[in-house]
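Student: Got a minute to walk me through this one? I'd like to get a feel for the fold before lunch.

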Amino acid sequence: MQLFYHPDIDTGIATLDAEESRHCVKVLRLREGDAIDVADGRGTLCHCRIVSADARACVVEAIERERDFRRRPFRLHLAVAPTKNAARIEWLVEKAVEIGIDEITPVICDHSERGVQKTDRLEKIAISAMKQSLRATLPTIHPATPLATLLQQPFDGQRLVCYCDGDHRQTLADTYSAPNDALLLIGPEGDFSAQEIEQALQQGYAPITLGDTRLRTETAALYAVAALNFMNER
């Protein structure tokens, strides 16, 4: 399957953007009448045919629709502190989308070394990863949010906070019950402050350890996302 993206393909006829059109017509050399698949990012996969093979504005028509394509019976929300190196958080978004994530929120913490995150860049990476992994649902990329604000937001599911040191932490497998929605909180390179951990626990977040080794922020986040998906798929 060669998957393309257009948010309004479900309306019937749509014009792919310049990048998608070029890939379709110039790279893949597809022509009028050829079949392609287009996802709307909201769970619908449309089997389409090319109406006009224009390399700058390729027009396609939806012939058949698959609703809730590969939709999972659980939702995962990753709230992670942006890394000092922007390339690392971009790598994390790409891999988390490929593995399976529904929402991503960059959170600004006491020890954060990066307080600004370009969500438009992350959204482009998420679209590419969605197509790469043959999914029809595009994760929501939220604007950078102060941790205190995130902690106050309601969430109907299990809330988990991962940090390096401290008593009373349990493994992910001993805490998370599948299938269940989960909000996973991962801190910055310098970890959460003691006050932030206490605030998270007071808001009902379960304390989690990912093992005895110290992981980078993006490694810890991807490890946990993969583990949650694995536990749900068993």
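Tutor: Sure, and one term first: two strands count as paired if DSSP finds at least two bridges between them. Also keep in mind that this is a predicted model.

Student: OK, so how many bridges hold β4 and β5 together?

Tutor: Strand β4 (residues 45-52) and strand β5 (residues 59-66) are joined by 7 bridges, in the antiparallel sense. To find the pairing on screen, look for cysteine 46, whose bridge partner in β5 is arginine 65.

Student: What sheet do those strands belong to, and in what order do the strands come?

Tutor: It's an open sheet of 5 strands, ordered β1-β3-β4-β5-β2, and the pairing is mixed. At the edges sit β1 (3-5) and β2 (13-15), each pairing on one side only. From one strand to the next, the twist averages 45°.

Student: Mixed, right. Which way do β1 and β3 run?

Tutor: β1 and β3 run parallel, with 3 bridges between them. Phenylalanine 4 has valine 38 in β3 as its bridge partner. On the other hand, β3 and β4 are antiparallel, over 5 bridges, and there alanine 35 is matched with arginine 49 in β4.

Student: How many residues sit between β3 and β4 in the hairpin?

Tutor: There are 5 residues between β3 and β4, and glycine 41 in that turn has a positive phi of about 80°.

Student: How much of β3 is buried?

Tutor: β3 is mostly covered, with 4 of its 5 residues buried. Helix α3 (residues 119-132) lies across β1 and β3 (35-39), running at about 150° to β1.

Student: New topic. What's going on around β12?

Tutor: In strand β12 (residues 182-186), 5 of its 5 residues are buried. Both faces are covered: Ala182, Leu184 and Ile186 are on one side, with Leu183 and Leu185 on the other.

Student: Which strands pair with β12?

Tutor: Strand β6 (residues 76-80) runs parallel to β12, joined by 5 bridges. Strand β10 (residues 158-162) also pairs with β12 in the parallel sense, over 5 bridges. Leucine 185 is a handy marker here: alanine 79 stands opposite leucine 185, and valine 161 stands opposite leucine 185 too.

Student: And the helices? At what angle do α2 and α7 pack?

Tutor: Helix α2 (residues 86-99) and helix α7 (residues 217-233) pack at an angle of about 5°, and their axes are 10 Å apart. That makes α2 roughly parallel to α7, because angles under 35 degrees count as roughly parallel.

Student: Which residues make the contact?

Tutor: From α2 you have Arg88, Trp91, Leu92, Lys95, Ala96 and Ile99, and from α7 there are Glu218, Ala221, Leu222, Val225, Ala226 and Asn229. By type, the contact residues of α2 with α7 split into 8 nonpolar, 1 polar and 3 charged.

Student: Any odd backbone geometry I should look at?

Tutor: A few spots. Most residues other than glycine have a negative phi, and most peptide bonds are trans. Arginine 29 has a positive phi of about 60° although it is not a glycine, and arginine 70 has a positive phi near 55°.

Student: Where are those two arginines?

Tutor: Arginine 29 is in the loop between α1 (18-27) and β3, while arginine 70 is in the loop between β5 and β6.

Student: Are they buried or exposed?

Tutor: Exposed means over 50% relative accessibility. Arginine 29 counts as exposed because its relative accessibility is 61%, and arginine 70 counts as exposed at 51%.

Student: What about peptide bonds: where is the cis one?

Tutor: The cis peptide bond joins alanine 178 and proline 179, with omega about -5°. Proline 179 is in the loop between α5 (172-175) and β12.

Student: Last thing, the big picture. What's the overall tally of helices and strands?

Tutor: The protein chain has 7 helices and 13 strands. Its C-alpha trace spans about 65 × 35 × 30 Å along the principal axes. Of the 234 residues, 47% are buried. The chain exposes about 11,900 Å², with carbon and sulfur atoms supplying 46% of it.

Technical notes. Residues numbered from 1 in each chain as written. Predicted model: local features only at pLDDT ≥ 70, side-chain atom pairs only at ≥ 80, totals over all residues. Heavy atoms only, no water. Axes fitted to C-alpha atoms, helices over the stretch in contact; angles between N-to-C directions. Parallel < 35°, antiparallel > 145°, perpendicular 65-115°, else oblique. Contact = heavy atoms within 4.5 Å. Nonpolar A, V, L, I, M, F, W, Y, C, P; charged D, E, K, R; others polar. Buried < 20%, exposed > 50% of the residue type's maximum accessible area, 1.4 Å probe, protein only. Areas by Shrake-Rupley, 256 points an atom, 1.4 Å probe, with all protein chains shown as cover.
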